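Trainee: Could we go through a few labels on this one and check each against its cut-off?
Mentor: Sure, pull it up and we'll start.

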Amino acid sequence: MIAAPFVYGRLTRQATSVTAESVCHHCSEPFTLEIDRDMNISVETPGAAPVVFVPDVVPFDVEGPDIVDDF
């Protein structure tokens, strides 16, 4: 689960991060992101410029069977 490093880092006050590898939907080129415990995102792949965002979801107003479906 991607949230675990952030929760752990906050609780222990340690510098934690997660590395995410993905592929561009448009051009199929792979890229790598590093996300730290404060949700700072850095692109590790030279030349890649992905658009990164967190959807605005109200947890108590989901329409799907769970919050993941509303994301």
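**Cysteines, loops and a strand**

Mentor: Cys27 comes out as partly exposed, its relative accessible area being 40%. Keep in mind that this is a predicted model.

Trainee: Why is Cys27 called partly exposed?
Mentor: Buried needs a value under 20% and exposed needs one over 50%. Cys27 has 40%, so it falls in between and gets the label partly exposed.

Trainee: And what makes Cys24 partly exposed?
Mentor: Its relative accessibility is 23%. Buried would take a value under 20%, so Cys24 is partly exposed.

Trainee: How do you know that Cys24 and Cys27 are not bonded through their sulfurs?
Mentor: A disulfide here takes two cysteine sulfur atoms within 2.5 Å. The closest cysteine sulfur to that of Cys24 belongs to Cys27, 3.6 Å away, so the pair is too far apart for a bond. Seen from the other side, Cys27 is in no disulfide either, with the sulfur of Cys24 as its nearest at 3.6 Å.

Trainee: How many disulfides turn up in the whole structure?
Mentor: Zero, when the whole structure is searched.

Trainee: On to the loops. What makes the phi of Arg13 worth pointing out?
Mentor: It is positive, about 60°, although Arg13 is not a glycine. The residue sits in the loop between α1 (4-12) and β1 (17-23).

Trainee: Why is Arg13 called exposed?
Mentor: Exposed means over 50%, and Arg13 has a relative accessible area of 74%, so the label holds.

Trainee: Which residue in the loop between β1 and β2 (30-36) has a positive phi?
Mentor: Ser28, at about 65°, and it is not a glycine. That loop between β1 and β2 is where Ser28 is found.

Trainee: What makes Ser28 exposed rather than partly exposed?
Mentor: Its relative accessible area is 52%, and the cut-off is over 50%, so Ser28 counts as exposed.

Trainee: Now Ser42 in strand β3 (residues 41-43). Why does Ser42 get the partly exposed label?
Mentor: With 29%, Ser42 is neither under 20% nor over 50%, so partly exposed it is.

Trainee: How do you know that Ser42 makes a polar contact with Glu44?
Mentor: The cut-off for the N or O pair is 3.5 Å. The side chains of Ser42 and Glu44 make theirs at 2.9 Å, within that cut-off.

Trainee: Which residues does Ser42 touch, leaving out those up to four places away in sequence?
Mentor: Thr32, Leu33 and Glu34. Thr32 is 10 residues from Ser42 in sequence, with 8.7 Å from C-alpha to C-alpha.

Key
Residues numbered from 1 in each chain as written. Predicted model: local features only at pLDDT ≥ 70, side-chain atom pairs only at ≥ 80, totals over all residues. Heavy atoms only, no water. Helix = DSSP H or I, 4+ residues; strand = E, 2+ residues; numbered from the N terminus. Buried < 20%, exposed > 50% of the residue type's maximum accessible area, 1.4 Å probe, protein only. Contact = heavy atoms within 4.5 Å. Polar contact = N/O pair within 3.5 Å; in protein donor to acceptor, adjacent residues only side chain to side chain.
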